[in-house]
Amino acid sequence: MDYNILSKVESVQAEAEALEDYFEARAARAADKLLPDDNLPRDYLSDSHEDSEDDEDGMSFKNQRRYSSKRIIPDEKPQLTPEAPTPPPCAMAAAGPRVKAYKNLPECWTRNFLKGFALGFSGRVAIGGMAAAWAMLRRRNRSVNPVHVFLHHLSQMDMQPVQFGLFLGALLSTHNSIMYATRAASGAVGHYRSAAAAAVAAWASLFLPRGARRVLALVVFVRALEVAARLCAARRWLPRVPHADVLLFAAASARVMWTWIFHPQNMDASYLSFVNRIGGKPQSFLHAVPHVFSNAPLPAKLAHDVERDRMMLNLPSLPTGSQLSIANIMYRPNETAGSHFLRYVRECLRRTVQVYLPVHILPLLLFNSKRLRKEPVTTLLRTTEAVARSSIFLATYCGLGWLGLHATLPLARLAATRNEVPMLAQLAAGHVAGAMCALGLFFEKPSRRIELALYVSMQAIRTFFNTYLKGNKGFMARQLRRGGGGPFFA
């Protein structure tokens, strides 16, 4: 029994001294990287083992632990046994990822501001350059010099890289400086210091253009709602709803679809242009849909535009003396709603592939090039699958929207015939059609569904926001219209 206890003590002592050598090596490397002395690991064992006498083989105990350190610590990671002493916190911090340290608060502010300015400036220029390059590749007239096309699109963009650089620099420097200054805080101050730092750093949005402030505020606001919902669900304050992302997507799509068909002026200009381009329907057809739902005749100019666009699409003229419908405006002769849905989805796939190719290819080339070199076949197959699923989702989303409008038209007509409130019928039809679009979300990967739901939710909130601004002229509306709401929401 005494022999077993003695052997166990010797083994523990050998492992502990091997750990000491390990942390001494890490401390030497940390010193080479100019870390402050406060971050260097300290010796937590006494130096009495350094003077140990040689054993019977002529090898000192210190040399024995060096020879056995590779067995005890593979790949330079300490494997502690239950009997081994626990290293102090400073040593464990040095053994983990190296944390950037600053000598003082001004250095912290300066380094973060310069880093943020460089990232914001270069990122804005890179995004503008990629957009101009994509426009150059998609040019229809191949006889035009591509360099001229690239420079033309680049000159038309209002990138303002200096403003975005100042914004990101001020954001990082303010947030990280407050976190550095309160690093020793404890209790309630230490618990909420990150929230306070983020709230104070919101002043940096004043460097952004007025339009970008509202976009940033909505993005942060939607993300904050997501975090709050997850926290409430984790604490069981809210029930966990199956497919909650699809339900959120359906609610947001209902609002967006109704606004797009009946009140497109309340949508953001860039997002409206994107939806019209993906939809692929002529503008005259879209303007005629509200008249169809209200059971009213088309104005003369709009009827002329519809006839012109139908001739360009090789469609016959509008039937005279019959009631207008979505079918006789958009469908081909003798085409049903189901056949139009299939044809429209097939045509829409050509446009959606062009949207999602750069969305999936550019991050792969910029951030996952190493994985592409190591596993080219597997990576390309996964990327192809992602592009296909996203393209099918968006094409199906658009097709289900028109199918939903076709299905709800009889109910809206019935409400208009009985002199019911036509606005209520349009509201119901648009929201039901938009909710049907959410079925296309099941084609997407589960990890991307919540991202798409949050994005469409942001656009839905913007429609409420724009409706409020256009219908009110009070003090708050004037401040929000000038961009003053950006820091408030952020």
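In the predicted model, Y271 is buried, with a relative accessible area of 9%, whereas Y455 is partly exposed, its relative accessible area being 39%. Aromatic pairs in the structure come to a count of 12. In the pair formed by Y271 and Y455, the ring centres lie 6.0 Å apart and the planes meet at 70°, so the arrangement is edge-to-face. Because Y271 belongs to helix 10 (residues 269-279) and Y455 to helix 18 (residues 446-471), this pair ties together parts that are 184 residues apart in sequence. Elsewhere, ring pairs link W109, F113, F117 and F121 into a cluster. Rings also serve as partners for charged groups: R124 lies over the face of F164, at 4.3 Å from the ring centre, and the charged end of R183 sits over the ring of Y180, 4.0 Å from its centre.

The protein as a whole contains 20 helices and 0 strands, and buried residues account for 38% of its 490 residues. Of the contacts between residues at least 6 apart in sequence, 74% join residues at least 24 apart. The exposed surface amounts to about 29,100 Å², of which carbon and sulfur atoms supply 62%.

A further buried position is S284, which has a relative accessible area of 4% and is found in helix 11 (residues 283-293). When residues up to four places away in sequence are not counted, S284 touches L302, D305, V306 and D309. Two of these neighbours, D305 and D309, take part in salt bridges. The side chain of D305 meets that of K301 at 3.4 Å, N to O, and these two residues, 4 apart in helix 12 (residues 300-312), are separated by about one helical turn. K301 is exposed, at 62% relative accessible area, while D305 counts as buried at 15%. D309, in turn, meets R308 in a salt bridge of 3.5 Å, N to O; D309 counts as buried at 10% relative accessibility, and R308 is partly exposed at 41%.

Across the whole structure, a search finds 13 salt bridges. Another of them joins R389 and E385, with a distance of 3.8 Å, N to O, and these residues, being 4 apart in helix 16 (residues 376-417), are likewise separated by about one helical turn. R389 is partly exposed, with a relative accessible area of 26%, and E385 is partly exposed as well, at 45%. In addition, salt bridges that share partners join R223, E226, R230 and E451 into one network.

Conventions:
Residues numbered from 1 in each chain as written. Predicted model: local features only at pLDDT ≥ 70, side-chain atom pairs only at ≥ 80, totals over all residues. Heavy atoms only, no water. Buried < 20%, exposed > 50% of the residue type's maximum accessible area, 1.4 Å probe, protein only. Contact = heavy atoms within 4.5 Å. Areas by Shrake-Rupley, 256 points an atom, 1.4 Å probe, with all protein chains shown as cover. Phe/Tyr/Trp six-rings, centres within 6.5 Å; stacked < 30°, edge-to-face > 60°. Lys NZ or Arg CZ within 6 Å of the ring centre and 35° of its normal. Salt bridge = Lys/Arg side-chain N within 4 Å of Asp/Glu carboxyl O.
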